[in-house]
Amino acid sequence: MKMFYFTDPMCSWCYGFSPAVKKLKENYPDIDLQIISGGFSPYSQQVVDQEYKDFLAFHWRNVNQRSRQFFDHSMKFISETFRYDTEPSSRALTVMQELLPKQDFEFLSLMQKSFYVEGKDITNDVVLARLAEEFGIEKKIFLEKFHSEEMKRKTNQGFQFSRQLGVQGFPTMLTLENGNTKVITRGFQDYDSLKVIVDNWLSNLNVSPANNGQSCSGDTCEC
């Protein structure tokens, strides 16, 4: 039972969606959740001027209201050199998926917390290496992988795979069944809503869903 989760470390709705994904992983251990950085704004040269800061703050307030995830609106990551380029953090996730594949979601969550809560610049390779050190990865090893052409290529393959499957917003969960794409959810969901969707999917596969007494209130948002 493989499910693809298309996300981006610098997508605020993905950060809001993280608690639901965490519960999904805990309550449905038989689902092989493949996390893929789909490329929210890779290679972007977008500076965070006042207009863009207001744009981010508006969306962050919406995500906070829907998900209750905390945001630090001081945005300490802003500098003259900062660009809202999501490729570096996506590549960091690709590196960790090779080095510690069973902890990729935990590393993704750490990047999100570092960016949205602590205001760290996760486009910076040294910052990303320090986060990897929290998982026991030596800085030198991480940086060698991070700057390799292989990791750049694999990260870009994730972006291409996302486009090939028609993913247009993040977060998105989907499956491939007999060569056909089936969208599980597109946009933010709380866990109760996600659980109902996943249970319906499993029922159609004749697989017994998890039984943990959760209820449903369906609601989604596009990125």
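## A pair in helix α8

Which helix holds both K195 and D199, and how many residues apart are they? Both lie in helix α8 (residues 191-204), four residues apart, or about one turn of the helix. Keep in mind that this is a predicted model.

The side chains of K195 and D199 meet in a salt bridge, with N and O 2.5 Å apart. K195 counts as buried because its relative accessibility is 7%, under the 20% cut-off. D199 is buried too, with a relative accessible area of 13%. Elsewhere, salt bridges that share partners link E98, K145, E150 and K154 into one network. The count of salt bridges comes to nine.

## Where two helices cross

Now look at helix α3 (residues 87-99) and helix α7 (residues 149-164): their axes come within 9 Å and cross at roughly 105°. That makes the two helices roughly perpendicular. Residues making this contact include E87, R91 and E98 of α3, along with E150, K152 and K154 of α7.

Within α3, R91 forms a salt bridge with E87, and their closest N and O atoms are 2.8 Å apart. R91 is buried at 8% relative accessibility, and E87 is buried at 4%. Within α7, K152 pairs with E149 in a salt bridge of 3.6 Å. Here K152 is partly exposed at 30%, while E149 is exposed at 59%.

## A buried charge without a salt bridge

D8 sits in the loop between β1 (2-7) and α1 (12-27). D8 is buried yet has no salt bridge, and the nearest side chain of opposite charge, R163, is 9.8 Å away. Instead, the D8 side chain reaches the backbone nitrogen of M10 at 2.9 Å. Farther along the sequence, the residues in contact with D8 include C14, F40, T86 and Q112.

Key: Residues are numbered from 1 along each chain as its sequence is written. This is a predicted model: local features need pLDDT of at least 70, side-chain atom pairs count only at pLDDT 80 or more; totals for chains, interfaces and linings use all residues. Side-chain values use heavy atoms; hydrogens and water are left out. Buried means under 20% relative accessible area, exposed over 50%, partly exposed in between (1.4 Å probe, protein chains only). Lys and Arg count as positive and Asp and Glu as negative; His and the chain ends are not counted. A salt bridge is a side-chain nitrogen of Lys or Arg within 4 Å of a carboxyl oxygen of Asp or Glu. A polar contact is a pair of N or O atoms within 3.5 Å; within protein, one must be able to donate a hydrogen and the other to accept it, and residues adjacent in sequence count only if both atoms are side-chain atoms. Contact means heavy atoms within 4.5 Å. Axes are lines fitted to C-alpha atoms, for helices over the stretch in contact, and angles run from 0 to 180 degrees between N-to-C directions. Angles under 35 degrees count as roughly parallel, over 145 as roughly antiparallel, 65 to 115 as roughly perpendicular and the rest as oblique. Lists of a residue's contacts leave out its neighbours within four places in sequence.
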